[in-house]
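Biologist: Can you walk me through this one? I'd like to start with the aromatic rings, then look at the ligands.

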Amino acid sequence: MAKIGVFICHCGENIGAKVDCTKLAAAMGEHPGVAVSVEYKYFCSDPGQESVKRAIRDNNLTGVVVAACSPRMHEATFRKACAEAGLNPYLCEIANIREQCSWVHTDNDQATEKAMDITRSMVEKVKRNNKLQPIEVPVTRRALVIGGGIAGIQAALDIANAGQDVVLVEREPSLGGHMAQLSETFPTLDCSQCIMTPRMVEAAQHPKIRLLTYAEIESVDGYIGNFSVRVRMKSRYVDINKCTGCGDCITKCPAKKISSEFDCGLGKRTAIYTPFAQSVPNIPVIDHANCIYFKNGKCKICSKTCQCDAIDFDMQDTFEDIEVGAIVVATGFQVQNNTMYGEYGYGKYPDVINGLQFERLASASGPTAGKILRPSDGVEPQTVVFIQCAGSRDPSKGVRYCSKICCMYTAKHAMLYAHKVHGGKTHIFYMDIRAAGKGYDEFSRRAIEEDEAAYLRGRVSKVWEENGKLMVRGVDTLLGRPVEIAADMVVLATAIIAQPDAKEFAKTIGIGYDEYGFYNEAHLKLRPVESSTAGVFLAGACQSPKDIPDSVAQASATASKVLALFSKDMLEREPVVATNNEATCAGCWGCVLACPYNAIEQKDILDRSGRIIKRVASVNPGLCQGCGTCVTFCRSNSLDLAGFTERQIFAEVMGL
Amino acid sequence: MSIEEQYRTRAKELLSGGAVKMVIGYGKGSNAKRRRPIFISSADEVDRLVLDDACITNLSGYLVSEGLLSDEKRVAVFLRPEGIRAINILAAESQLDAEQIVIFGFDVAGNEIKALKGINVEEFSDVIDSIKEGAPEAAEEELFEKIEKMSPQERFSFWQEEFAKCIKCYACRQACPMCYCRRCIVDSNQPQWVNTSSHTLGNFEWNIVRAFHLSGRCVECGNCDRACPVNIPLRLINHRMAEEVLGAFDHFAGTSKTQEPVLASFKKDDSETFIL
Ligand SMILES: Cc1cc2nc3c(=O)[nH]c(=O)nc-3n(C[C@H](O)[C@H](O)[C@H](O)COP(=O)(O)OP(=O)(O)OC[C@H]3O[C@@H](n4cnc5c(N)ncnc54)[C@H](O)[C@@H]3O)c2cc1C
Ligand code: SF4
Ligand code: SF4
Ligand code: SF4
Ligand code: SF4
């Protein structure tokens, strides 16, 4: 005989104000099989949980229904309480009468009716619940970090310094990401390269870190603790084991006019190149598209120059399969292409540049050796106009969100300019100054007060060229009048956007993303570094626009999550997995295809003499994530999902 | 030589040479307009084979009879284009090995019999593609159009009336080559998803389950509605579903023996963002 306990939670006012909990408790008390039906203000509180435990012991309950908030909130809480009282945790179910009832209804009577339906249907389900035991799976203690910007490097170092193995994969020829491109960094104005390069070297030389640059993730299979990852090593055409990084090949390469990605088009590079002088590893790659030999079969000057015989024009991409237990995604961001703002003249006038290009001009290792010079004629600009929110907070043309860092780096740019060009004038068009962060407001005040940055609150409508000047027309909303400035250079604080391939890549690794392509955290407030997929964590600007301090903090947080995962020998997994009835399976393999986790295999059923009698589907409980896709597909109804068996679901439906 | 005679000769050769162990074809039925399936395993019997415009039953379903193909020997079968498509689906769903099937392809135009060239199922892909290109019409186009034009309420009551006649004999299921499951969902009683008694609810449940299980799979051979003792125009529901999957997924059932089932496959570049 079923002895079900029903525990109805008011959730303070959240449920209590809409659902008549007393009436609900009375009605459930009448329902066949219910032994206890009680209400309480907060069942998730300590005394609340204690009362559930007591009720289980006192009444020898065979099942528990907690009518409360979403199971995503407190299913784990109450299942644990049940286990502590000696009841198998899978005999406890949550009836969601908050998100699915009290929060969405206005009429009290109807809400109460509905709460009864929801609770009753759960009672009917619980009567058919089975005791389940958690599945234990081993953990591979090796982490994969994808992306070698500051976030990826920080995560890799933290995990490695705790003694665990890390594979760090970067798709560019060198580590560094955007931080390597920056000049000096807000809010302290320390040189980006000077703080970044040591980190890059440390990561490359760390005995626990295996660095794979110029490499990309092909596929990810498996699940938390047990991922298998296929990495494509793109052919560098330079043997990393032979090359000493002397750079002779780079000096001799005759293809010298290639626009440098690292310098954002402001500098040139050769066909065999390292992105920048401090590249890690300091090993060049040949740019296949621009190499003269690959274009017309003649040249090979680099290979003649190389003393170490390191250059191999026949090199092919290779693949490597690695097993890891956790994945940190730190794939960073991109800056938006400003050509969509035709009125600002980006792409049309060479002296209209974006913030990242300004970083390269201001950088000591940049194309102008740190001098602020106009791209068009190499002359020092005397008046510079900065336009903030060029793409951000602009639902019509750009993106709806705030890119978070542009206010700060524009203030920084104004300061760097003032320090480098004495007597130069800066004008900054802004919407708001968002300087929330330690030392940030002080920093932007300094730009105004000490470095005389002229802030103009308003938007720019047009930039055009007249008599060798860039004419900027905008409005100063505080003075309520239009302004026109004759500038020598215009810098756009371009929006920070997700990597162009972010959505595709999310599908490769199986994580969620938002409408813009930034990766979704499991819970914005409470689980900000976990992705929606167990065992995959997020660090840095791939999750949302971030500055360096935030990226590093999040990276260290992912490391602590990874280390917590690696602290166990075995992982407990929910026993919610599919099973197949081999007697009725028709062997159509629809489920094999449908399973998004590749958890279903084909299995031969043999007779005594080893002849195949039948082929059936067989679910690997280690791989199954309990999504239920196969169950809905199977026409012969052979598959069933533990914890959500057809009998349970049927009872639940009929209980409504 | 008529096609009937040509095919008899070919059947004789195949059987006497041992190239196939059986020929499944049409024989005389209880009256002049009826043909019944015959199963011939000896070359002496080939004269029993008949091929005329009354040969309409899709014979492909007999191939998946328990044990028939398990000795890996080849079996020949008379098939119209729909039957050939059915072979592709059965192969794609691992119910048979297409290499084992020798096809006697034919089509009927008016009362004219046309031979379709080829032996293995792959050789008929042009025929199948041209059916797909031709945007196939429903069997009873007029009635289909009429149903399409109805309001949802009218359509519901139309089907309600039709399904009210159903006696749950499951002849439609037995006749369909795609209904090969050893245990059909309607026979599963733990829980009993589909009500066994033949009243409105149960009848609806059954016929809708059938429509779903056949979407992207039905080849519109008509075996089901010819088998139905109460003349429910079953094929029209399946035709509607076929149009649906063709429009939404560009899926035409049975174009190749490796075609992925439409309801089990997904594309990574699907525009739906909920697919991870
Ligand atoms: C103009 C400008 C100025 C800035 N100034 C400052 C400042 O002064 N102070 C400050 O705190 N912040 C500043 N920032 C912000 C700073 O650049 C970011 O916070 C930081 O770079 C984020 O680091 P990340 O590692 O998350 O991303 P990234 O630096 O973008 O690194 C991501 C890395 O992942 C790699 N990658 C991407 N996809 C893949 C893949 N599929 N497989 C393998 N590798 C992949 C990329 O190649 C890259 O190396 C500035 C940003 C801009 C645009
Ligand atoms: S879908 Fe069902 S019948 Fe088909 S192989 Fe899978 S379990 Fe068997
Ligand atoms: S429930 Fe089925 S489809 Fe989902 S992961 Fe498990 S086996 Fe695969
Ligand atoms: S549902 Fe009917 S028309 Fe379709 S394949 Fe089956 S028997 Fe033929
Ligand atoms: S053949 Fe006709 S009467 Fe029989 S179950 Fe099918 S639809 Fe119903």
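Modeller: One cut-off before we start: buried means under 20% relative accessible area. Also, this is a predicted model.

Biologist: Fine. Is A:F43 buried or exposed?

Modeller: A:F43 has 1% relative accessibility, so it counts as buried.

Biologist: And what about A:Y40?

Modeller: A:Y40 is partly exposed, because its relative accessibility is 32%.

Biologist: How many aromatic pairs are there over all chains?

Modeller: The count is 25. A:Y40 and A:F43 make one of them, a tilted pair. Their centres are 5.4 Å apart, with 50° between the planes.

Biologist: What is the geometry of A:Y293 and A:F313?

Modeller: The ring centres lie 4.5 Å apart and the planes meet at 55°, so that pair is tilted.

Biologist: Where do those two sit in the chain?

Modeller: A:Y293 is in helix α9 (residues 292-296) of chain A. A:F313 is in the loop between α10 (301-305) and β17 (318-324) of chain A. The pair therefore ties together parts that are 20 residues apart in sequence.

Biologist: Which burial class does each get?

Modeller: A:F313 is buried, at 9% relative accessible area. A:Y293 is partly exposed, at 21%.

Biologist: Which residues form the aromatic cluster in chain B?

Modeller: B:Y7, B:Y26, B:F78, B:F104 and B:F106 form one cluster.

Biologist: Now charges over rings. What sits over A:Y214?

Modeller: The charged end of A:K234, at 4.7 Å from the ring centre. In addition, A:R269 lies over the face of A:Y273, 3.8 Å from the ring centre.

Biologist: On to ligands. Which residues surround ligand 4?

Modeller: They come from chain B, and include B:C176, B:C218, B:C221 and B:C224. B:R210, B:E220 and B:R235 are also among them. Helices α8 (223-227) and α9 (234-249) of chain B each give two or more residues to that shell.

Biologist: How does the shell split by class?

Modeller: Six nonpolar, three polar and three charged residues.

Biologist: And ligand 2, by class?

Modeller: Nine nonpolar, three polar and no charged residues. The residues around ligand 2 include A:C585, A:C588, A:C591 and A:C634. A:W589 and A:F633 are among them too.

Biologist: Last topic, helix α18 of chain A. Which of its residues are buried?

Modeller: In α18 (residues 646-655), the buried ones are A:E646, A:Q648, A:A651, A:E652 and A:G655.

Biologist: What do they pack against?

Modeller: They pack against α5 (108-127), α17 (629-633) and β36 (639-641) of chain A.

Notes. Residues numbered from 1 in each chain as written. Chains lettered and ligands numbered in written order. Predicted model: local features only at pLDDT ≥ 70, side-chain atom pairs only at ≥ 80, totals over all residues. Heavy atoms only, no water. Near = heavy atom within 4 Å. Helix = DSSP H or I, 4+ residues; strand = E, 2+ residues; numbered from the N terminus. Nonpolar A, V, L, I, M, F, W, Y, C, P; charged D, E, K, R; others polar. Buried < 20%, exposed > 50% of the residue type's maximum accessible area, 1.4 Å probe, protein only. Contact = heavy atoms within 4.5 Å. Phe/Tyr/Trp six-rings, centres within 6.5 Å; stacked < 30°, edge-to-face > 60°. Lys NZ or Arg CZ within 6 Å of the ring centre and 35° of its normal.
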